[in-house]
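Student: Could you take me through one part of this model up close? I'd like to hear about the cavity and what surrounds it.

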Amino acid sequence: MTDPTPTPGIHHVTCVASDPQRNVDFWVETLGLRLVKRSINQDDPGTYHLFYADAEGTPGTSMTFFPWEDLRQGAVGSGQVSRTAFRVPDGSLDYWEARFDEYGVDHDERVERFGEEVLPFSDPDGLPVELVAVDVPEDDPTVPWTEFVPAEHAIRGFHSVTLRLADPEPTTDLLRTMGFEAVGTERAAGDVPGDERTRFAAAGTVGRYVDVLPTVESGRQGHGTVHHVAFQTPTDEDQAAMREAVRSHGVSPTRRIDRHWFRSVYFREPGGVLFELATSGPGYASDEPLADLGGRLVLPGRFEERRAEIEAGLADLSIPRAASAEADD
């Protein structure tokens, strides 16, 4: 078997929320991400699927949510993504601490991991999130959205995800097959004493890190937890090759599923985390003009003929708009 093209890194992360309006308000206004797609869960069309990203919906920048209001609160533990980290420009964490204080966001003291400064916080559902200060290169592929946050402080796509696993070894073998290389191990500030965090790096610029932490704690999916993490396999050929490669680790990938803005393959890695392989295209601007992303409810494929029924079952959403493109200083 020919080795697959290594993944450049994370494509998107999908999480479970409760109230959709509260979710939109936080991720758009407080964090300054753009709502690039307002759609439905294609496996549960009575539920929104909300996509937040940079100005152009660049692969590696989109945090997405299923607002399942009737679920209970989740608990982070083994077999889950325990934290999702975003990149912000070096020197901007003072701005973010002040903004979190202004908006009443629950956040912790800064910590250092692998020589980088990290600001942990939680969204309104208790989802663990982090901002990591990095030197963003001039040719970075992300495009900051500046309606609420100025470009010099804006979130610039994913930095990493942290996997909590009862037995990390089979998962680390899988990550190597996918193109990640171990780049360091440390007992990091903010982790449970005695736990050793191992960092793996992909070849790309955005969302290139996966951290692995051992745990004996059990988890429970619900509000404030990650549903799955998707990794970039840019072309159909890349995806097909990676699908075959991961099968050698005893996982059972699904067939390719058309998700309208990308094509997807899903499988549970050996530790229980739901992984997805996602293509780069056709992208979020394939069915809406770039200037209008997120402005309307988009119903892919066969769901359009059920628009009246679906809209009647969804709560009304109000998308925050800044009075001007100038963000608070």
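Tutor: Sure, let's start with the walls. Strand 7 (116-122), strand 8 (128-134), strand 9 (158-165) and strand 11 (197-201) each give at least two residues to the lining of the largest cavity; strands here are DSSP runs (E, at least two residues), numbered from the N terminus. Keep in mind that this is a predicted model, where local features need pLDDT of at least 70, side-chain atom pairs count only at pLDDT 80 or more, and totals for chains, interfaces and linings use all residues. Residues are numbered from 1 along each chain as its sequence is written, and side-chain values use heavy atoms, with hydrogens and water left out.

A cavity here is a set of points on a 1 Å grid over the protein atoms alone where a 1.4 Å probe fits but cannot get out, and lining residues have an atom within 4 Å of a point. Points are joined across faces, edges and corners, and the volume is the space filled by probe spheres set on them. The count comes to 1 cavity of 30 Å³ or more, and the largest holds about 40 Å³ of space.

Who's on the wall? Strand 9 supplies the largest share, 3 residues. The full lining is Arg-113, Glu-116, Val-118, Glu-130, Val-132, His-159, Ser-160, Thr-162, Arg-197, Arg-199 and Asp-211. By chemistry, that lining splits into 6 charged, 3 polar and 2 nonpolar residues, with Asp, Glu, Lys and Arg counted as charged, Ala, Val, Leu, Ile, Met, Phe, Trp, Tyr, Cys and Pro as nonpolar, and the others, Gly among them, as polar.

How values were computed
1 Å grid on protein atoms, 1.4 Å probe; cavity = no way out; pocket = protein on both sides within 12 Å on 5 of 7 lines; lining within 4 Å. Helix = DSSP H or I, 4+ residues; strand = E, 2+ residues; numbered from the N terminus.
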